[in-house]
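Here's a quick tour of one helix and the sheet around it. Have the structure open as you read.

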Amino acid sequence: MLISELTNALHELYAPESAEKWDYVGLLSGNPDTEIKAVSIGLDPSEDFIHYSHKMGANFLITHHPPTLKPDSLIRPDRIRSRFTYHTLSKGLAHLVIHTNFDHSKENGLEKIATRLKLTKTQRLSRSETSTNPKEGYGIIGNLENPSLFSDFAKSLFLVFPSKTLALYPTNSLKSGEKKVKCVAFVNGSGGSFFERARSAGADILITGDLTHHIISDSHSIGLGLIDPGHAPSEFFFNQHLSTQIEKIAKKAFSVFMHNQFQQRELLKNPEEVAL
Ligand SMILES: [Fe+2]
């Protein structure tokens, strides 16, 4: 299978034109007419990921995040925004990015994360501007099977996300236990801007990464608690989900490797040590 053939098949699921305007997605570098030897999937386009991919014999690299959101017209190893592309090209590797076109696709696996969060009656949190399909959209919201104390719910997240730490921002009523967590919203990546949408949809808690002071302050003022598992840990499922999609398309025509940024030992770390 050629790189162009797999790219086109993935773009049927994750249309590049549906990505946000500020994003950089698609086949950013490499020769589309090259035969695929093996595919390597990772969250971040790091040099560590290049080394891993090269070692595994992969010549087609797929990442969730682009190397930069401000591309450099100079492709050189001493340029911070183009060094990843320089190193992939110098090793004969192609690089495909599937970012925001993945995040709001109905084929992004958010429903599986909702199941791990024990959410029922789920729906996507925010419709994508580029789609009218209710099964598409950023984030997911649903009700806990059993309403939970905030501290218990927070501890349970160590079993869902490969986070070393969780940043917890309960409202006063959630912290005291006066109010239980019933309705939960989750947005992978940097989803703080969805806080008003989450609250208006009924969420008691929004789980997302990259929370800022003003998002936290404004969320509390409207009665929404927040939990930040970290940007990358909140998107840990990208590799596995994309691998499954590729195996459906290519039917084991080549090997698919996943670069694990998160050590397994971190997955179950310190579930009893959440201090409130
Ligand atoms: Fe992200």
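Helices here are DSSP runs of H or I, at least four residues long, numbered from the N terminus. Keep in mind that this is a predicted model.

By that count, helix 2 covers residues 47-56. Just past its end sits glycine 57, with a positive phi of about 85°.

Which residues of helix 2 are buried? They are Phe49, Ile50 and Ser53. Looking down the axis of helix 2, you'd see these buried residues fall within an arc of 100°, so they line one face of the helix. Flip to the other side and you'll find Glu47, Asp48 and Lys55, which are exposed. As for what covers the buried residues, the list includes strand 2, strand 3 and helix 3.

Now for the sheet. Five strands make up an open sheet with mixed pairing, in the order 1-4-3-2-11. Strand 1 and strand 11 are the edges, each pairing on one side only. From one strand to the next, the twist averages 25°.

Here's where the strands sit along the chain:

| Strand | Residues |
|---|---|
| Strand 1 | 26-29 |
| Strand 2 | 38-42 |
| Strand 3 | 60-63 |
| Strand 4 | 94-97 |
| Strand 11 | 255-258 |

Strand 3 and strand 4 run parallel, paired over four bridges. If you want a spot to zoom in on, try threonine 63, whose bridge partner in strand 4 is valine 97.

Helix 3 (83-90), one of the elements covering the buried residues of helix 2, also lies across strand 1, strand 3 and strand 4. Its angle to strand 1 is about 80°.

Conventions: Residues are numbered from 1 along each chain as its sequence is written. This is a predicted model: local features need pLDDT of at least 70, side-chain atom pairs count only at pLDDT 80 or more; totals for chains, interfaces and linings use all residues. A residue is buried if 20 or more other C-beta atoms lie within 10 Å of its own, exposed if 12 or fewer, and partly exposed in between; C-beta atoms are placed from the backbone. Helices (H or I, at least four residues) and strands (E, at least two) are DSSP runs, numbered from the N terminus. The arc is that of the directions from the helix axis to the C-beta atoms. Two residues are in contact if their C-beta atoms, placed from the backbone, lie within 7 Å. Two strands pair if DSSP finds at least two bridges between them. Axes are lines fitted to C-alpha atoms, for helices over the stretch in contact, and angles run from 0 to 180 degrees between N-to-C directions.
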